[in-house]
Structure formats: structure tokens, C-alpha cells
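User: Please take a close look at one part of this model. Start with a single side chain and work outwards from there.

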Amino acid sequence: MSRTIKRGPPPKRPAPRRKVAVKKVSVMDRLVGMLPVSEETLKKIATWSILGAGGAVAIAAATWVGIPGMIGAALAEGAGRAGFKVEQIEVTGLKRMDRMSVYAVALEDKQNQTSMLSVDLEAVRQKLLRYGWIADAHVSRRLPNTLLVDIVERTPAAVWQDNGQLTLIDSSGVLLEPVQPEAIPNLPLVIGPGADRQEASYQILLAAAPALKPRVKAATWVGNRRWDLTFESGETLALPEDGAPRALVKFAELDGARPLLGRGWIRFDMRDPTKLVARKPGASLAHSVDVPAPASVPETGETTNTPSQTAGANVTGGEG
């Protein structure tokens, strides 16, 4: 007798494991991960950049096609709400000028507080150039919130004295700032109306005789046409209207051959190019000697009978 053998269902095979896809990291993602800022910060920077570029393009386009300015102002105000406001001002190049004066000019326009894009950079620059200290200025934006101001200052060259007032000036005569008598800097002193406008020619004059330059204490612009130099040792040298550098060189040669400065003279006159006229305190007459003969300059206050002697009463009087 046969048996019927019942077979059960075949055993279930285990389901194959699904392959987990390995996420590939792009080179750009790796570079971003290496940056010392978070991804959130990078997104903000990108947003600011896009808004700034879009706002600038929109304002430029509005100006080019003649759209009313109120639309451009609205765009600028929108950029301000997005974070583009003047919150910082960085000033470089300042050495002597008051820094707060620069800040005041940069923030003078109330629109600056609304939007960076509304700042008129050229207008700010022109206002800064009104200050004597500032020879040039460059104004720019650094988004999102910083205004950059780079200053080029003038260099003081002399102190100008006029009607008792002292003013610092540069080599071209531009007025820089007032000077207090007790705080006069170690700079040449030029005296008289119009002397400030002669600063450039005065520097040329001193450059002609570099040996005498450090010994000059002050220079007086006389009659708006010529110079009187005052030396540290107290003497005054009257120079001619024409050929002043040549006369100063000749005086330097005479002083080098036989010292004249610091020898008790109070005044030298070289307005006549052919002779040097010298005077000592208390002398009734001045002594006149030929310029080519420096050794004949007398060393006393007495009148000498030399062939080149002339009456010098006009030298001891007022200026001609």
C-alpha cells in the first residue's frame, strides 16, 4: 500500500539587500566645507550680493531710460531695508586733520542712513576737498554697510604771519590751519600780505643757496615785489626784486670767503647787484663795497674811505 507524501511550500528565500547609494561630494561642496564660515553665512552673503547687484543695475537702468527719480529712490530704500545701510565709515590716510570732520561730511546726507546705494560718492568727495588739509580724496562703498574714505593730506611747508595772525601753509600757499604763537612748528616763517602766495618762489630762492637755508629764520615779502631775509644771528638781508636767487648765491659766496653773519652787522643790502651795503648798530653811514671784493667789507662801525664807498643814508631809512 502506497503512501502519498505531501510536500509543503518551498522555503522562502531571503530578500536581497538593497544597495545604499553613496552620496557623491562634489569638488565645490568640499571647497565650501573648507571655508571658515558656516553655510548659513554664505547664503546671506550670496543674498546680499544678488540684492546689491540687482539694485545697482536697476538704478542705473532707471537713470538711463529716464524713469523718474522717485522710482530709483524707492529701489534704494528697498535695498536699505535689506540691510544696505551706512553703519560704518573707515577713514585712511589721516595724519593731522581732525577725523571727526571727515565723519561729519560722510554722514551729512540724511539719505545715507537709509541706504548705501543712495550715497552720492562724488558729492562727498567734493565736500571733503573744501578742507585745506585734503589734497585729494577717494570715496567708495564696501557692501553691505561700510563707506570707505581714503584721504591724501597736504604737507606743511611754512608758517605765514599776516596782521599778527599765524597760519600753517603748504608749498603752494594753501591755508591749512591757524597756529598758536606758543606752538609754532619748526618751519620757515614768511611775513607780510601776499607772502603765502609766494611760498613756491620762496622755496626756489632758498634752494639756490642751500648753505644759507638752515640759517634763515624768517622772510618778509616787501611791497609785494621782493624779499628781506632775517637770519638766526639777527641780521637782515635785503634782496633785489629781479635776480634775487643770484644775489643770494653771491652773498653766500661772500660769507663763505670771509664770514659776515654773526659778526655784529645788523643789515646787508644787495638791491644794487654791483655792491654789498652793510651797516652796524649806531653807525650814521652804511659801508658800501664792491661785490667781487668781500675782504674789503669793514668790520667796525666806522666810516672807511674806500674808492667804492657811497653815502648809505638811504639804506638806513625806509624800504624802496
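Is Asp269 buried or exposed, and what is its relative accessible area?

Analyst: This is a predicted model. Asp269 is buried: its relative accessible area is 5%. The cut-off for buried is under 20%, so Asp269 qualifies.

The side chain of Asp269 has a charged partner. Asp269 meets Arg271 in a salt bridge, with 2.6 Å from N to O. Arg271 is partly exposed, at a relative accessible area of 25%. So this bridge joins a buried acid to a partly exposed base.

Elsewhere, salt bridges with shared partners tie Glu122, Arg125 and Asp136 into one network. Within it, Asp136 and Arg125 are bridged at 2.9 Å, N to O. The two sit eleven residues apart, with Asp136 in strand S2 (residues 134–142) and Arg125 in helix H5 (residues 121–128). Both are partly exposed: Asp136 has a relative accessible area of 32%, and Arg125 has 22%.

Back to buried charge. Arg226 and Asp228 form another salt bridge, and their closest N and O atoms are 2.7 Å apart. Arg226 is buried at 2% relative accessibility. Asp228 is buried too, at 8%. In total, the model has twelve salt bridges.

Asp228 also leads to Thr236. Setting aside neighbours within four places in sequence, Thr236 contacts Asp228, Leu229, Thr230, Ile266, Arg267 and Phe268. Thr236 belongs to strand S10 (residues 236–238). Its relative accessibility is 17%, so Thr236 counts as buried.

Phe268 returns the contact with Thr236. Beyond four places in sequence, Phe268 touches Glu235, Thr236, Leu237, Ala238, Phe251, Leu260, Leu261, Leu276, Val277 and Ala278. Phe268 is also a member of the largest nonpolar core, which has 30 residues. There, Tyr202, Trp227, Leu229, Leu237, Phe251 and Phe268 touch the most other members. Several elements supply at least two residues each: strand S4 (156–162), helix H6 (199–208), strand S8 (216–222), strand S9 (226–231), helix H7 (244–257) and strand S12 (275–279). H7 gives the largest share, five residues.

A second core is separate from this one; it holds 26 residues, including Val86, Ile89, Val91 and Val124. Ile89 leads to a sheet: its bridge partner in S3 is Leu147. S1 and strand S3 (residues 146–153) pair in the parallel sense, over five bridges.

The sheet is open and has three strands, in the order S1-S3-S2 with mixed pairing. Its edges are strand S1 (88–92) and S2, and each of them pairs on one side only. On average, neighbouring strands are turned by 20 degrees against each other, direction ignored. In general, strands of a sheet pair through backbone hydrogen bonds, parallel or antiparallel.

Two helices meet this sheet. Helix H4 (residues 99–106) lies across S1 and S3, and runs at about 135 degrees to S1. H5 packs on the sheet as well, touching S2 and S3, and its direction makes about 155 degrees with that of S2. The salt bridge between Asp136 and Arg125 also links S2 with H5.

To return to the starting point: Asp269 is buried at 5%, and its side chain meets that of Arg271 in a salt bridge.

Note on methods. Residues numbered from 1 in each chain as written. Predicted model: local features only at pLDDT ≥ 70, side-chain atom pairs only at ≥ 80, totals over all residues. Heavy atoms only, no water. Helix = DSSP H or I, 4+ residues; strand = E, 2+ residues; numbered from the N terminus. Buried < 20%, exposed > 50% of the residue type's maximum accessible area, 1.4 Å probe, protein only. Contact = heavy atoms within 4.5 Å. Salt bridge = Lys/Arg side-chain N within 4 Å of Asp/Glu carboxyl O. Pairing = 2+ DSSP bridges. Axes fitted to C-alpha atoms, helices over the stretch in contact; angles between N-to-C directions. Core = buried A, V, L, I, M, F, W, Y, C linked by side-chain atoms within 4.5 Å.
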